[in-house]
Amino acid sequence: MADIKSDALLDLRGVMCPINFVKTKLKLETMEEGEVLELVIDDGEPIQNVPKSIKEEGHKIVEVKKEKEGFFRLKIQKG
Amino acid sequence: MADHFIEDKSTKVAVNLEGMGEKVNFNDLKSGGFIKQRQKDLFAVRLRCPGGRLSTKKLVEISKIADKYSKKGVVHFSFRQSLEILYVDYKEFTNIVAELEKIGQKVASCGPRVRVPTACGGCEYNPNGLTDTQKMAEMVDQKFFGTPTPHKFKTSFSGCPIDCARTKEMDFGFQGVVEPVWDEPLCTGCTICAQACKEDAIVSDPDSGKPIFDPSKCIFCGDCIRACPTESWKAKRYGHTVRIGGKHGRHPMEAVEVCQFLPDGKVAEAIEKTVEWYNANGKRGERIGNTLKRVGLKNYLDFMEPVFKSGEAPLFKAPGK
């Protein structure tokens with residue numbers, strides 16, 4: 001999978017649900033439609049919940065990478 | 001609140017009333033919904049609120065009526081989601097019923113009949129919701145409310161397997177389910193579905209990241225569908241897991257699952273046939289769970305076969321392999 005260029009980065013490792021989602025939402029609100037946010041979240045509860053909520057808000061998850069250290073790197077295109 | 005209903009003591013109350021020269025329409029009381037309080041002459045008036053949903057306009061009107069008739073100015077949310085106006089004098093039943101009628105608010109039932117259905121928020125606004133529980137509760141209330149049965153008959157609708165409406169404790173419960181189907185070409189092997197699945201029904205292939213699905217572990221919650229970034233997991237069909245014979249009370253019983261994917265369009269028929277079976281087989285004062293124990297589940301399932309075959313268990317093709 002080719003790397004998609006991101007316009008902003010948000011590292012939410014160690015941030016609990018649902019604060020991580022709220023922070024993601026606030027960050028996306030500052031961005032333009034079509035721009036890509038790179039998001040780093042923990043394994044476990046965050047990866048179970050955050051992608052669902054992002055989709056429900058109408059954004060698109062364009063890339064997902066599982067990192068070895070127990071976290072995920074997502075790229076989200078603002079919808 | 002104790003199941004201590006005026007209709008069961010109608011003769012006694014009638015005698016008392018005659019002595020006092022009061023006019024009370026006993027047809028109003030027959031429907032139930034007037035529950036004797038500890039306090040002399042005072043009753044709780046239980047309203048009929050299927051699924052616990054009320055328009056704000058109606059709620060405002062109800063609160064005006066409650067304020068007028070409740071001697072203590074209090075209401076209580078019943079355990080089955082309906083509003084109860086407390087401390088109402090029985091001499092004012094006719095007036096309160098007429099005023100409630102004017103705003104389109106009916107009084108609920110109690111006793112041996114089909115009760116007001118309860119329901120969670122459902123798919124209309126709850127992200128977990130798979131079925132429109134509120135619409136179903138309204139439909140069932142319209143069609144079946146007050147239908148006589150050997151004992152009380154409680155129904156509920158949960159929109160997903162979290163089962164907030166406790167279908168496992170109902171005489172007849174409906175819980176939303178979705179059958180997931182995987183479309184391989186769209187899958188990028190991102191592994192989110194395996195993370196999202198709380199039942200370990202999906203594990204990721206160590207090399208490709210693509211899902212290996214074990215349908216025997218799936219509880220049909222749809223978390224994989226909602227989490228999938230590429231729409232590779234899709235909904236094949238929605239339906240209701242149907243449970244029968246549950247109750248709480250002094251001797252709780254857990255309901256048994258009798259149908260896995262009943263479509264929306266068959267719910268009314270399932271209730272109609274089940275009530276028919278219950279009325280034919282149940283003894284007076286016997287909950288349907290005990291009737292099933294006495295008569296046998298097979299007898300019921302044979303009777304229901306024409307309805308339940310529409311919701312047979314899904315045949316999965318295990319993806320990822």
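Where is A:P18 found in chain A? A:P18 sits in the loop between β1 (8-11) and α1 (19-29) of chain A. This is a predicted model, so please read everything below as computed from it.

## Two backbone details

The loop that holds A:P18 has a feature worth a look in your viewer. The peptide bond joining A:C17 and A:P18 is cis, with omega at about -5°. Chain B offers a backbone detail of its own: B:F220 has a positive phi, near 65°, in a residue other than glycine. To find B:F220, go to the loop between β9 (211-213) and α7 of chain B.

## Where the chains meet

Let us turn to the interface. On one side, 15 residues of chain B take part, and they are in contact with 14 residues of chain A. Together the two chains bury about 1,200 Å², and carbon and sulfur atoms give 54% of that area. Which three residues supply more than any others of the area that chain B buries against chain A? They are B:I192, B:Q195 and B:R226, with 44%.

Polar interactions are found here as well. The rule finds three salt bridges across the interface of chain B and chain A. In one salt bridge, the side chain of B:D223 meets that of A:K52 at 3.2 Å, N to O. Six residue pairs, both partners at pLDDT 80 or more, are in polar contact across the interface. On the side of chain B that touches chain A, α6 (192-196) and α7 (223-227) each supply at least two residues. The most comes from α7(B), which gives four residues.

## A pocket lined by chain B residues

Now for the second largest pocket, which holds about 410 Å³ of space. Its lining has 17 residues, and those nearest the centre are B:R48, B:P50, B:R53, B:K58 and B:E138. Helix α5 (residues 133-144) of chain B provides the largest share of this lining, five residues.

The table sets out the residue classes for the two surfaces described above.

| Surface | Nonpolar | Polar | Charged |
|---|---|---|---|
| Side of chain B that touches chain A | eight residues | three residues | four residues |
| Lining of the second largest pocket | three residues | five residues | nine residues |

For the chain B side of the interface, then, the division includes eight nonpolar residues, whereas the pocket lining includes nine charged ones. If you are browsing the structure, B:D223 with A:K52 shows one salt bridge between the chains, and B:E138 is one of the residues nearest the pocket centre.

Definitions and conventions. Residues numbered from 1 in each chain as written. Chains lettered and ligands numbered in written order. Predicted model: local features only at pLDDT ≥ 70, side-chain atom pairs only at ≥ 80, totals over all residues. Heavy atoms only, no water. Contact = heavy atoms within 4.5 Å. Buried area = accessible area lost by both parts, 1.4 Å probe. Salt bridge = Lys/Arg side-chain N within 4 Å of Asp/Glu carboxyl O. Polar contact = N/O pair within 3.5 Å; in protein donor to acceptor, adjacent residues only side chain to side chain. Nonpolar A, V, L, I, M, F, W, Y, C, P; charged D, E, K, R; others polar. 1 Å grid on protein atoms, 1.4 Å probe; cavity = no way out; pocket = protein on both sides within 12 Å on 5 of 7 lines; lining within 4 Å. Points joined across faces, edges and corners; volume = space filled by probe spheres on them.
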